[in-house]
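These are my notebook entries on the ligands of one protein model. I ask the reader to keep the sequence and the structure in view.

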Amino acid sequence: MIIVLKPHATKRQVDHLIERIKTLGLKPMVSRGTERTIIGVIGSEDALRVQPLEVIPGVEKVMPVLKPYKLVSREFKPESSVIDLGAGVRVGGKSVVVMAGPCSVENRAMLFETARLVKRSGATVLRGGAFKPRTSPYSFQGLGEEGLKLLRDAAKATKMRVVTELMDTRDIRLINQYADVIQIGARNMQNFELLKEVGQLRKPVLLKRGLSATINEFLLAAEYILSQGNFDVVLCERGIRTFEDQTRFTLDLNAIPVIKKLSHLPVVVDPSHGTGSWEYVEPMAKAAVAAGADGLMIEVHPNPEVALSDGPQSLLPKRFETLMREVKKVAAAVGRSVSKEAER
Ligand code: PEP
Ligand code: MN
């Protein structure tokens, strides 16, 4: 159920309404927009049949939410959300945010070199995995805390924000200590305990779409995080499994306009995992921005040949520089920009 308040509802009216909702044993989730306040009500709605809320002063209308997700829906929050990643980096506004870096943090030298070069080309968020979800248990699993420390240092040296993956609820404190944005990877999109845990934090979460998740399931996974009180969620389309085998995954660009219609949350696109091949990263990055993506996540490696993970899809820094030049043109054509410096 969603309760839309009148444009000039007073604070007293809103507080009174929240009290009433709580007394009915329901959980109010308040969204304060620029125009008006909307309250999402979580819990058994039977109580509302006995105690209609329409009669309470300040209430304009009470609407049932027909979709299975509520808090992520545009009905709940008509304006697009802008998620603050700190240091002036915001996802969901006019500027397209670029997150770039190696698939895995391998060592200090390669990380610092990559960070410096991607920053110079206009990326504002440094990506890199310290805990890696590898298909084979014999593949490189990541440097763990050592990798997190390196990420923090490289981000400090280059004035970037850090996004890195959390795979296990047991590592949440550790990762929270080093990351500015917590990534939930495709393979964990439906790890509901993990989603609930990051929902308890007050830190932005980058939620990647599952390999075979529908958009509905993707939005319901995000709902898990919002329902715990963390509204700072950025969605990431990273390709899905289809019958096509020329590319590693099929980057579902449809997801951008579809999610934008259904949800207020920003959408970032990862053409590196989406295609699995460096050659296709630039065209798909441009297509994503043209289709309305709020950001990009791109894998870059100073020497992809020797990368410990995802070398075939990693761009050389020089190619990343070209990609950025091209993406800026596309962004300008659709009325957006790619900020080099954090927006203040
Ligand atoms: C990654 O970004 O490093 C990653 C493992 O991505 P995904 O979860 O989308 O496979
Ligand atoms: Mn990777």
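Which are the protein donors of the manganese ion (ligand 2)? I found Cys103 (SG), His273 (NE2), Glu299 (OE) and Asp310 (OD), lying 2.0 to 2.3 Å from the ion. I counted as donors the N, O and S atoms within 2.8 Å of the metal (3.2 Å for Na, K and Ca); water is not among the atoms, so sites may look incomplete.

I noted that the model is predicted, that local features need pLDDT of at least 70, that side-chain atom pairs count only at pLDDT 80 or more, and that totals for chains, interfaces and linings use all residues. Residues are numbered from 1 along each chain as its sequence is written, and side-chain values use heavy atoms, without hydrogens and water.

I read the spacing of the manganese donors along the chain as C-x169-H-x25-E-x10-D.

I then turned to ligand 1. The residues around ligand 1 (a heavy atom within 4 Å) include Arg127, Glu165, His273 and Glu299. I recorded polar contacts (pairs of N or O atoms within 3.5 Å) from oxygen atoms of ligand 1: the side chain of glutamine 183 at 2.9 Å, arginine 187 at 2.8 Å and lysine 208 at 2.8 Å. Taken alone, ligand 1 exposes 290 Å², and the protein buries 96% of that (Shrake-Rupley method, 1.4 Å probe).

Key
Chains are lettered from A and ligands numbered from 1 in the order in which they are written. A polar contact is a pair of N or O atoms within 3.5 Å; within protein, one must be able to donate a hydrogen and the other to accept it, and residues adjacent in sequence count only if both atoms are side-chain atoms.
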